[in-house]
Amino acid sequence: MTNGPGAGIPAVSTAILAMSRHLEVRDVLKTIVASARELLDAEYAALGVPDDHGGFAQFVVDGVSSEQWKAIGPLPRQHGILAAMLHNATPERLADVRNDPRFGGWPAAHPDMSDFLGLPVADGDEILGALFLANKRCAKQDGRCGFTEDDERLLGILAQHAAIALTNARLYERSRELTIAGERARLAHELHDAVSQKLFSLRLTAQAAAALVDRDPARAKGELHQVAALAAEAADELRAAVVELRPAALDEDGLVATLRSHAQVLDRAHTARVTFAAQGIRALPAAQEEALLRVAQEALHNALRHSGAEHVEVTLARNGQGVLLRVADDGQGFDTGTVRRAGRHLGLVSMRDRAGGVGGKLTVESEPGKGTAVEMEVPGG
């Protein structure tokens, strides 16, 4: 690929159009990274969105296989050249990143990289992330960087539009959250009315049954059957209110407390016994904690809605240098191959995406009549 200014502008235009098609933040990040790598003909590209704890809330790579990504281990921290781009908003173009005094090495499974081009993605004074590429596919001469000034200019144009696309995606997700919050408030009001009506009917029917017990036992028995039906309906309404309206408190309470609370709520709301246990867990990067929580919620939803389980057990434990989440039930189970061929994924695709997005691994074990176990392992912790 030739990357002079004349050849690059149409490619930039194509990349900008590709970014504008997506509204989900993670899809936008993936498109930015893939477009940058293709545009500048590099072996590797990555974009990190920082969190407030010295790590990255999201980190997307292109040019690295899923197996390589899992083997690399925990997400990088904000240090060295990455920190320079995040804190100083300065481009970095290096002939060999390994010779830079800020270079701190990388894990054994990390691919070997030499020439390097990195730019901050900024919206005004706010730095949204760091976009960088490595190993330009060209002949290097006289120890010079394979990336040129033209490459830096083209990537700068892409980074500017990436900031717009990322900001728009964030605004879209925030708008959706507000819409969901408004819908939850409306649903809470409707559920309150529905439960109140059910309880009022329940009270009247119970009073009627009491009045009929002595003079018409048969009619009283019928009224008591109606009492049981109304009580079951009220319980269903309350269960919906508890499960659908209770927000997760991950930011305030942390992963362990949030998972424990979520399990307790589900235990009260369902006939199945839901338990939670955690051993030796320290705080994880925000992205990993969110991914673990969402996978646990999806696995619990599947177990409680589809498996007919009597007991669902959630555990969170250290596993070597990593953390292992396990959601296991004693329900009816399923044939994983049949489900996959039928296109009924039971949320498995989204769970695997969440796990892979934080360098983790998801496994599902199930057989008809033998329950289901969903495990997610993340590095570090």
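In this predicted model, the largest nonpolar core holds 35 residues, and the ones that touch the most other members are Leu259, Val312, Leu325, Leu362 and Met376. Quite a list of elements chips in at least two residues each: helix H7 (250-269), strand E6 (273-279), helix H8 (286-306), E7, strand E8 (322-329), helix H10 (348-357), strand E9 (361-366) and strand E10 (372-378). H8 gives the largest share of this core, with ten residues. Apart from this core lies another one, made of 30 residues, and Val28, Leu47, Val121 and Ala163 are among them.

Val312 is worth a closer look. Once the neighbours within four places in sequence are set aside, Val312 is in contact with Arg273, Val274, Thr275, Leu300, Ala303, Leu304, Val327, Ala328 and Asp329. Strand E7 covers residues 311-319 and also includes Arg318. With a relative accessible area of 30%, Arg318 is partly exposed, because "buried" is kept for values under 20% and "exposed" for values over 50%. Arg318 and Glu377 sit 59 residues apart along the chain, yet their C-alpha atoms are separated by 9.4 Å.

What about H10, one of the contributors to the largest core? Buried residues in this helix are Leu348, Met351, Ala355 and Gly357. An α-helix has 3.6 residues a turn, so residues three or four places apart point the same way. The buried residues of H10 pack against helix H2 (25-40), E2, H8, E9 and E10. After H10 comes Gly359, with a positive phi near 75°.

Positive phi values also turn up in residues that are not glycine. Asp41 is one of them, with a phi of about 55°, and its place is the loop between H2 and E1. Asp41 counts as buried, because its relative accessibility is 15%. Ala89 has a positive phi too, near 55°, and is found in the loop between H4 and strand E3 (92-94). Is Ala89 buried or partly exposed? Its relative accessibility is 41%, so Ala89 counts as partly exposed.

Next come the aromatic rings. A pair of aromatic rings is described by the distance of the centres and the angle of the planes. The search of the whole structure turns up five aromatic pairs. In one of them, the ring centres of Phe56 and Phe59 are 5.2 Å apart and the planes meet at 70°, so this pair is edge-to-face; the label fits because the angle is over 60 degrees. Both partners are tucked away from the surface: Phe56 is buried at a relative accessible area of 1%, and Phe59 is buried at 6%. Phe59 also pairs with Phe132, this time in a tilted arrangement, with 6.4 Å from centre to centre and 50° between the planes. That pair links distant parts of the chain, since Phe59 belongs to strand E2 and Phe132 to strand E5, 73 residues apart. Like Phe59, Phe132 is buried. Taken together, Phe56, Phe59, Trp69, Phe116 and Phe132 make up one aromatic cluster.

Phe132 comes back in the second largest pocket. Rolling a probe the size of a water molecule over the atoms shows where empty space is left. This pocket has a volume of about 590 Å³. Its lining counts 30 residues, of which Pro76, Leu82, Trp106, His110 and Phe132 are the closest to the centre. Which elements supply at least two residues of the lining? They are strand E1 (42-50), strand E2 (56-62), helix H3 (66-72), helix H4 (80-88) and strand E5 (126-136). Sorted by class, the lining has 22 nonpolar residues, five polar ones and three charged ones.

To finish, here is the chain as a whole. The protein chain has ten helices and ten strands. Of its 381 residues, 41% count as buried. Among contacts with a separation of 6 or more, 62% join residues that are 24 or more positions apart. The pair of Phe59 and Phe132, 73 residues apart, shows what a link between distant parts of the chain looks like.

Methods:
Residues numbered from 1 in each chain as written. Predicted model: local features only at pLDDT ≥ 70, side-chain atom pairs only at ≥ 80, totals over all residues. Heavy atoms only, no water. 1 Å grid on protein atoms, 1.4 Å probe; cavity = no way out; pocket = protein on both sides within 12 Å on 5 of 7 lines; lining within 4 Å. Points joined across faces, edges and corners; volume = space filled by probe spheres on them. Helix = DSSP H or I, 4+ residues; strand = E, 2+ residues; numbered from the N terminus. Nonpolar A, V, L, I, M, F, W, Y, C, P; charged D, E, K, R; others polar. Phe/Tyr/Trp six-rings, centres within 6.5 Å; stacked < 30°, edge-to-face > 60°. Buried < 20%, exposed > 50% of the residue type's maximum accessible area, 1.4 Å probe, protein only. Core = buried A, V, L, I, M, F, W, Y, C linked by side-chain atoms within 4.5 Å. Contact = heavy atoms within 4.5 Å.
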